[in-house]
Amino acid sequence: MTALGLLLLSMMGQSQNMLPINEPSAAASAVRDSELLSRDDWGARPPKAVEYFKGPIPFVILHHSYIPAACYTSSDCKKAMRQMQDFHMLDRGWNDIGYSFGIGGDGMIYAGRGFNVVGAHAPHYNDKSVGICLIGDWQTELPPPQMLQAAKDLIAFGVAKGYIAPNFQLLGHRQVRDTECPGGRLFQEISTWPHFTLLNTTTDTQPPHKP
Ligand SMILES: [Zn+2]
């Protein structure tokens with residue numbers, strides 16, 4: 001078992017401990033420390049299967065859930081994670097919740113499939129990306145500051161730990177699939193973040209769909 005495997009195991013729900021994300025690179029601009037909650041913390045079903053891919057991960061892809069709506073308490077955000085997992089596993093028949101991580105309006109990070117696990121959130125990118133879902137509908141509203149900060153903290157943590165490539169490309173779901181996701185307002189926001197990439201000039205993996 002590698003160190004990576006051990007950390008992934010701990011993220012998959014072997015520990016009840018909350019893992020602080022307070023790496024120096026993340027803390028520099030953090031208004032508060034984000035915390036990573038394990039799958040056990042939100043009452044996840046066990047995955048039907050787990051398939052790993054090698055890192056460092058070149059893409060970070062942001063999503064919104066649209067449904068469920070935004071959550072602002074620990075209890076509501078855990079419920080939202082279970083609701084998404086139920087939809088993905090029971091209705092869609094997938095192996096697990098589709099996303100690598102969820103972010104709550106409570107400013108907490110919820111472990112989904114985790115780093116370096118093949119996801120089900122973005123065709124052609126599932127084996128080379130981290131899929132982060134900001135829970136809520138962000139078409140016209142901007143997520144609250146603690147939610148945006150938690151997403152930034154998670155990305156910085158991933159880079160600091162070597163899961164995510166230092167030169168990663170940040171994308172919104174709509175850039176790799178014909179979808180409104182991650183919401184117009186959120187997409188506008190992330191397009192100002194470091195590493196945001198306009199795909200059609202920088203990648204040869206998949207042409208973007210027209211909106
Ligand atoms: Zn999406």
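**Contacts, core and helix α5**

Modeller: Among contacts between residues at least 6 apart in sequence, 74% join residues at least 24 apart. The model is predicted.

Biologist: What makes two residues count as being in contact?

Modeller: Their C-beta atoms, placed from the backbone, must lie within 7 Å. Leaving aside neighbours within four places in sequence, I103 is in contact with I109, I132, C133, L134, I135, M147, A150 and A151.

Biologist: What makes a set of residues a nonpolar core?

Modeller: The residues must be buried, belong to a list that includes Ala, Leu, Ile and Tyr, and be joined through C-beta atoms within 7 Å. The largest such core here has 48 residues, and I103, I109, Y110, I132 and L134 have the most contacts inside it. Helix α5, residues 145-160, gives this core its largest share, 8 residues.

Biologist: Why is M147 in α5 called buried?

Modeller: A residue is called buried because 20 or more other C-beta atoms lie within 10 Å of its own. M147 is buried, and so are Q149, A150, A151, D153, L154, I155, A156, F157, G158 and V159 of α5. Of the 211 residues of the chain, 44% count as buried.

Biologist: How do you know that the span of α5 is close to the expected one?

Modeller: The expected span is 1.5 Å times one less than the number of residues. For α5, with 16 residues, 22 Å is expected, and the helix reaches 22 Å from its first C-alpha to its last; therefore the two agree closely.

Biologist: Which residue just after α5 takes a positive phi?

Modeller: G162 does, at about 85°.

How values were computed: Residues are numbered from 1 along each chain as its sequence is written. This is a predicted model: local features need pLDDT of at least 70, side-chain atom pairs count only at pLDDT 80 or more; totals for chains, interfaces and linings use all residues. A residue is buried if 20 or more other C-beta atoms lie within 10 Å of its own, exposed if 12 or fewer, and partly exposed in between; C-beta atoms are placed from the backbone. Helices (H or I, at least four residues) and strands (E, at least two) are DSSP runs, numbered from the N terminus.
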